[in-house]
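Student: I should like to learn how the features of a structural model are read. Could we work through one example together?

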Amino acid sequence: MSDQAKKYYITTPIYYPSGKWHLGTCYTTVVCDALARFKRKEGYDVFYLTGTDEHGQKIEKTAESKGMQPKEFLDKQVGALIDLWKLLGISYDKFIRTTDEYHKKAVAKIFQKLYDQGDIYKSSYEGWYCTPCESFWTKSQLVDGKCPDCGREVELTKEESYFFRLSKYQDRLIDLIENHPDFLLPKSRQNEMLNNFLRPGLQDLCVSRSSFRWGIPVPFDPQHVVYVWIDALTNYITALGYGSEDDSLFRKYWPADLHMMGKEIVRFHSIIWPALLMALDIPLPKEVYGHGWLLLGSEKISKSKGNIVDPFELSARYSVDAVRYFLLREVPFGSDGMYTNRAFLTRINTDLCNSLGNLLSRTTAMVNQYFGGVLPAPDVKEAVDDELTSMIDGLFDRVRDNMDKLLVPEALHEIWTVIGRANKYIDETTPWILAKDPAKQGRLATVLYNLSEALRVSAVLLSAFLIETPAKILSCFGLEAPARFGDGVRYGKLKGGETVLKAGKLYERIDIEKELIAMEKRAEELAAESAKKEEQVPETPKKATIQYDDFAKLDLKVGKIVAAEPVKRSEKLLKFTVEIGAERRTIVSGIAKYYKPEETIGKLVSVVTNLAPVKLCGVVSEGMLMCASDADGKVVLLAPEAEVASGSEIS
């Protein structure tokens with residue numbers, strides 16, 4: 001395998017932090033983590049990317065509803081997500097936040113490039129917008145007048161906007177999906193994109209908003225912010241340094257080998273994203289995969305609908321590996337899967353406790369009972385051994401074949417087929433009977449050796465899927481999970497003579513009916529706690545009362561802006577020359593996001609003139625311009641109601 005072939009770049013979509021994280025959030029990330037871990041152990045140079053999508057109207061409104069600034073709200077949400085990924089053992093190589101400065105600068109460069117080459121133009125937009133999904137829809141795409149993705153209300157939006165010439169790339173996109181069948185999988189997603197979006201005809205895409213402020217400003221028109229999906233999709237290349245001074249990771253890992261996401265956002269990744277890359281003359285990702293949903297009952301698990309299954313609660317009560325195993329094993333990949341408490345508990349009992357745990361417990365106990373805790377080398381072989389040893393030796397090939405096809409549940413099924421066969425092998429060979437006959441010690445040695453190898457190879461392969469369980473199994477044989485599979489996935493690695501420790505219980509067997517009652521009670525407690533928190537509306541903190549003498553210390557005057565320019569090395573600051581009567585002062589203000597310098601010339605402003613001078617980005621500021629901000633975060637300069645002379649007192 002060449003060095004280039006050994007590079008593997010895998011991504012999840014970046015997550016939108018607008019509420020509590022739930023089990024459905026974990027699904028894509030755990031699957032991609034298993035794929036990334038497996039590829040690393042195969043010897044690939046893997047780069048696994050995840051992160052958070054932090055701009056847009058929805059974030060702005062959610063933060064406002066909680067009495068918080070967007071960044072304050074986001075930092076709390078993102079911190080909780082990082083804690084969740086740490087708990088679940090997610091082995092990402094980079095976590096990107098779209099509020100990261102390097103990302104914002106790169107997005108601005110991308111937007112400017114597309115505008116300069118004519119792929120973006122200014123017009124006006126009127127259509128239907130779903131704020132929770134941050135999606136534009138035509139009237140014909142609505143379902144019963146509501147968003148076709150989430151089923152919620154949409155609003156008619158009309159505003160001046162910039163547009164990306166998406167229609168220009170329609171024919172190339174049709175050719176991409178029709179003639180490159182491995183680009184978009186599973187096949188059902190190809191039919192959906194072709195029949196529902198591409199063949200009916202693409203419209204140009206609105207790529208800026210001016211009705212709210214929480215976003216990346218359009219570089220040449222800061223009254224507009226970049227549409228959140230343009231901002232979000234470009235993370236796959238900005239995270240690698242595209243558009244920065246150091247793009248070595250981009251040159252090393254791009255194009256992506258796999259973009260993984262839920263089926264509801266396939267449209268963005270298989271139509272809008274490749275069109276943007278075509279416009280930028282960047283190679284396309286090798287594969288986009290839209291998996292199904294994890295359903296609770298008959299509905300998608302969703303924080304917006306209140307049917308949250310808490311991964312922190314499940315992991316604390318049943319173990320991280322139990323949660324990971326259910327997500328990886330239960331959901332038929334590409335299709336929707338169902339979560340129920342009963343299904344979750346049944347997987348623990350049947351697969352982890354009865355099958356795997358029982359095999360480990362019985363095998364290590366027999367080695368200790370019959371051979372003093374020292375693994376014997378294989379000796380007398382019989383025909384009944386052949387099926388098991390052959391299955392062990394070929395297990396890696398079968399697992400790898402399924403992982404290459406993204407058939408993760410099938411890969412785990414192969415491992416449990418060997419585990420199940422090993423348990424049956426115990427019943428067939430009856431080692432407790434062999435142990436009674438001194439002449440059968442050689443045969444007993446072979447049986448226990450084969451069982452140990454079944455456990456060892458299974459545990460080595462499981463180390464790509466689970467976090468704690470494989471290490472517990474291997475430690476019984478004095479081994480650790482290898483960083484690379486190598487020949488450790490073939491039958492015969494154990495030589496005999498290894499000390500074998502008697503295993504404790506991997507998993508406790510659960511009384512399912514009793515546990516279901518306990519889970520229901522805990523769910524009611526969590527719901528009550530959540531409702532109580534919702535009722536506690538945060539009060540806006542009041543500033544301390546001051547005396548008139550304190551207020552009178554402020555020297556407030558009317559000024560007139562006579563010159564303005566950006567401050568070097570800052571995206572937020574503008575440098576103003578302000579006339580205050582016969583005096584002129586330099587004042588720096590952080591309003592570059594809301595005003596172009598030339599728009600402010602001649603404006604009358606309110607100035608605090610007796611603030612101590614302060615140096616901002618190398619410029620000494622001699623006062624403060626007074627501003628007001630509304631609930632939407634828009635900032636305006638405060639000015640007198642009528643024309644008055646500069647230098648006039650404000651009282």
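**Reading the model**

Tutor: By the rule applied here, the count comes to 39 salt bridges. Please bear in mind throughout that this is a predicted model.

Student: What is the general idea behind such a pair?

Tutor: Side chains of opposite charge can pair when their charged atoms come close. In this structure, Asp33 forms a salt bridge with Arg324, and the closest N and O atoms are 2.8 Å apart. The pair links distant parts of the chain, with Asp33 in helix 1 and Arg324 in helix 12, 291 residues apart.

Student: How is the packing of two helices described?

Tutor: The description uses the angle between the two axes and the distance between those axes. Here, helix 1 (residues 23-42) packs with helix 12 (residues 320-330) at an angle of about 85 degrees, the axes being 9 Å apart. Because angles of 65 to 115 degrees count as roughly perpendicular, helix 1 is roughly perpendicular to helix 12.

Student: Which residues make the contact of helix 1 with helix 12?

Tutor: Helix 1 contributes Leu23, Cys26, Tyr27, Val30, Val31, Asp33, Ala34 and Arg37, while helix 12 contributes Val323, Arg324, Leu327 and Leu328. Sorted by class, this contact of helix 1 with helix 12 has 9 nonpolar, no polar and 3 charged residues. Asp33 and Arg324, the salt-bridge partners, are both among the residues of this contact.

Student: At what angle do helix 12 and helix 13 pack?

Tutor: Helix 12 and helix 13 pack at an angle of about 95 degrees, with their axes 10 Å apart. These two helices are therefore roughly perpendicular to each other. From helix 12, the residues Ala322, Val323, Tyr325, Phe326, Arg329 and Glu330 meet Ala343, Phe344, Arg347, Ile348, Asp351 and Leu352 of helix 13. The contact of helix 12 with helix 13 has 8 nonpolar, no polar and 4 charged residues.

Student: Where does helix 13 stand with respect to helix 16, and is the crossing left-handed or right-handed?

Tutor: The axes of helix 13 (residues 341-371) and helix 16 (residues 408-429) come within 10 Å and cross at roughly 50 degrees. That makes helix 13 oblique to helix 16. The crossing of helix 13 past helix 16 is left-handed. On the helix 13 side are Asp351, Leu352, Ser355, Leu356, Asn358, Leu359, Arg362 and Met366; they meet Trp416, Ile419, Gly420, Ala422, Asn423, Ile426 and Asp427 of helix 16. By class, the contact of helix 13 with helix 16 has 8 nonpolar, 4 polar and 3 charged residues. Asp351 and Leu352 appear both in this contact and in the contact of helix 13 with helix 12.

Student: How should I read the sheets?

Tutor: Strands of a sheet pair through backbone hydrogen bonds, either parallel or antiparallel. One open sheet here has 4 strands in the order 5-4-6-8, and the pairing is antiparallel. Its edge strands are strand 5 (135-137) and strand 8 (205-206), each of which pairs on one side only. Strand 4 (residues 120-130) and strand 6 (residues 155-164) pair in the antiparallel sense over 10 bridges, and Trp128 stands opposite Leu156 in strand 6. Helix 10 (residues 266-280) packs on this sheet and touches strand 5, strand 6 and strand 8; the direction of helix 10 makes about 95 degrees with that of strand 5.

Student: In what order do the strands of the open sheet of 5 strands run?

Tutor: The order is 19-18-17-20-23, and the pairing is antiparallel. Strand 19 (583-589) and strand 23 (624-625) are the edge strands, each pairing on one side only. Strand 20 (residues 604-608) is joined to strand 23 by 2 bridges, and the two run antiparallel. Val608 stands opposite Met624 in strand 23.

Student: Finally, what should I note about the backbone in the loops?

Tutor: Cis peptide bonds and the sign of phi are worth inspecting. The bond from Leu185 to Pro186 is cis, with omega near -5 degrees, and Pro186 is found in the loop between strand 7 (184-185) and helix 6 (187-198). The bond from Trp254 to Pro255 is also cis, with omega near 10 degrees; Pro255 lies in the loop between helix 9 (248-253) and strand 12 (258-262). Asp281 has a positive phi of about 60 degrees although it is not a glycine, and Asp281 is found in the loop between helix 10 and strand 13 (288-291).

Key: Residues numbered from 1 in each chain as written. Predicted model: local features only at pLDDT ≥ 70, side-chain atom pairs only at ≥ 80, totals over all residues. Heavy atoms only, no water. Axes fitted to C-alpha atoms, helices over the stretch in contact; angles between N-to-C directions. Parallel < 35°, antiparallel > 145°, perpendicular 65-115°, else oblique. Contact = heavy atoms within 4.5 Å. Nonpolar A, V, L, I, M, F, W, Y, C, P; charged D, E, K, R; others polar. Pairing = 2+ DSSP bridges. Left-handed = near helix turned anticlockwise from the far one by under 90°. Salt bridge = Lys/Arg side-chain N within 4 Å of Asp/Glu carboxyl O.
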